[in-house]
Amino acid sequence: MQVFNTENYNQTVALGERFGSKLKKGAVIAFFGGLGMGKTAFVTGIAKGMGLDCEVSSPTFAIVNVYGKNSELCHFDMYRVTSWEDLYSTGFFEYMDMGSVLCVEWSENIENALPDNAVKVYIEKGNNDSSRVIKIDGCDFQI
């Protein structure tokens, strides 16, 4: 497990960018952490690291935001997903089959559906309101 400390939003985005630059097609990134912990900030960095020129926003109400001409990055919010039927309706499995990189917020709601090789990112508050402790598990490269 790799552990990182960031002091603000920009550092969280920068860490996500380094991480995103090394992701392979089809990677599934499962995010764990409470409301406002910086999951979307990290995904913003992932998009930058993947070379995508897009405005990343939280998919809270849309459930999934898709970025890139060929759906290279799919950003899910599984907060309101409570059943297998709900999960199927999000397009989760279709995007996985397409080889898109999937970033999944509130992964604890679909943990049984995550592939065995999913990278797990745990984000929690650090020493102050803007600092974060970010733990990355299951990653086969150094960030």
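**Exercise 1. A residue in a loop**

Task: In this predicted model, determine whether Ser107 is buried or exposed, and state which residues Ser107 touches.

Solution. Step 1: Ser107 has a relative accessible area of 0% and is therefore buried, since buried means under 20%.
Step 2: Ser107 belongs to the loop between strand 5 and strand 6.
Step 3: Leaving aside residues up to four places away in sequence, Ser107 touches Ala30, Phe31, Phe32 and Leu114.

**Exercise 2. Another residue of that loop**

Task: Establish where Trp106 is found, and whether Trp106 is buried or exposed.

Solution. Step 1: Trp106 lies in the loop between strand 5 and strand 6.
Step 2: The relative accessible area of Trp106 is 15%, so Trp106 is buried.
Step 3: The backbone of Trp106 deserves a remark: its phi is positive, about 60°, although Trp106 is not a glycine.

**Exercise 3. A residue in a strand**

Task: Explain why Val121 counts as buried, and identify which residues Val121 touches.

Solution. Step 1: Val121 is part of strand 6.
Step 2: Val121 counts as buried because its relative accessibility is 0%.
Step 3: With residues up to four places away in sequence left out, the contacts of Val121 are Ile29, Ala30, Phe31, Phe32, Ile134, Lys135 and Ile136.
Step 4: As for distance, the C-alpha atoms of Val121 and Gly45 are 14 Å apart, and the two residues are separated by 76 residues along the chain.

**Exercise 4. The nonpolar cores**

Task: Determine which members of the largest nonpolar core touch the most other members, and which helices and strands each supply at least two residues of this core.

Solution. Step 1: The general background is that nonpolar side chains tend to be buried together in soluble globular proteins.
Step 2: The largest nonpolar core has 26 residues, and those that touch the most other members are Phe19, Ile29, Phe31, Phe42, Leu73 and Ile136.
Step 3: At least two residues of this core come from each of helix 1 (9-20), helix 2 (39-49), strand 2 (28-32), strand 5 (101-105), strand 6 (119-125) and strand 7 (132-137).
Step 4: The most is given by helix 2, with four residues.
Step 5: Another core, of 18 residues, lies apart from this one, and among its members are Val64, Leu87, Val104 and Leu114.
Step 6: To examine one residue of the largest core, take Leu73. Beyond residues up to four places away in sequence, Leu73 touches Val43, Ile46, Ala47, Met50, Leu52, Asn65, Val66, Tyr67, Val101 and Cys103.

**Exercise 5. The packing of two helices**

Task: Describe how helix 1 and helix 2 pack, giving the angle and how far apart their axes are.

Solution. Step 1: Two packed helices are described by the angle between their axes and the distance between the axes.
Step 2: For helix 1 and helix 2, the angle is about 45° and the axes are 6 Å apart.
Step 3: The two helices are therefore oblique to each other, and helix 1 passes helix 2 in a right-handed crossing.
Step 4: On the side of helix 1 the contact includes Tyr9, Leu15 and Phe19, and on the side of helix 2 it includes Phe42, Gly45 and Ile46.
Step 5: By type, the residues of this contact are seven nonpolar, six polar and two charged.

**Exercise 6. The covering of helix 2**

Task: State how many residues of helix 2 are buried, and what covers them.

Solution. Step 1: Ten of the eleven residues of helix 2 are buried, and the helix is mostly covered.
Step 2: The buried residues include Lys39, Phe42, Gly45 and Gly49.
Step 3: Their cover includes helix 1, strand 2, strand 4 (73-77), strand 5, strand 6 and strand 7.
Step 4: After helix 2 comes Gly51, with a positive phi near 85°.

Key. Residues are numbered from 1 along each chain as its sequence is written. This is a predicted model: local features need pLDDT of at least 70, side-chain atom pairs count only at pLDDT 80 or more; totals for chains, interfaces and linings use all residues. Side-chain values use heavy atoms; hydrogens and water are left out. A nonpolar core is a set of buried Ala, Val, Leu, Ile, Met, Phe, Trp, Tyr and Cys residues joined through side-chain atoms within 4.5 Å. Buried means under 20% relative accessible area, exposed over 50%, partly exposed in between (1.4 Å probe, protein chains only). Contact means heavy atoms within 4.5 Å. Axes are lines fitted to C-alpha atoms, for helices over the stretch in contact, and angles run from 0 to 180 degrees between N-to-C directions. Angles under 35 degrees count as roughly parallel, over 145 as roughly antiparallel, 65 to 115 as roughly perpendicular and the rest as oblique. A crossing is left-handed if the near helix is turned anticlockwise from the far one by less than a right angle, and right-handed if clockwise. Ala, Val, Leu, Ile, Met, Phe, Trp, Tyr, Cys and Pro count as nonpolar, Asp, Glu, Lys and Arg as charged, and the others, Gly among them, as polar.
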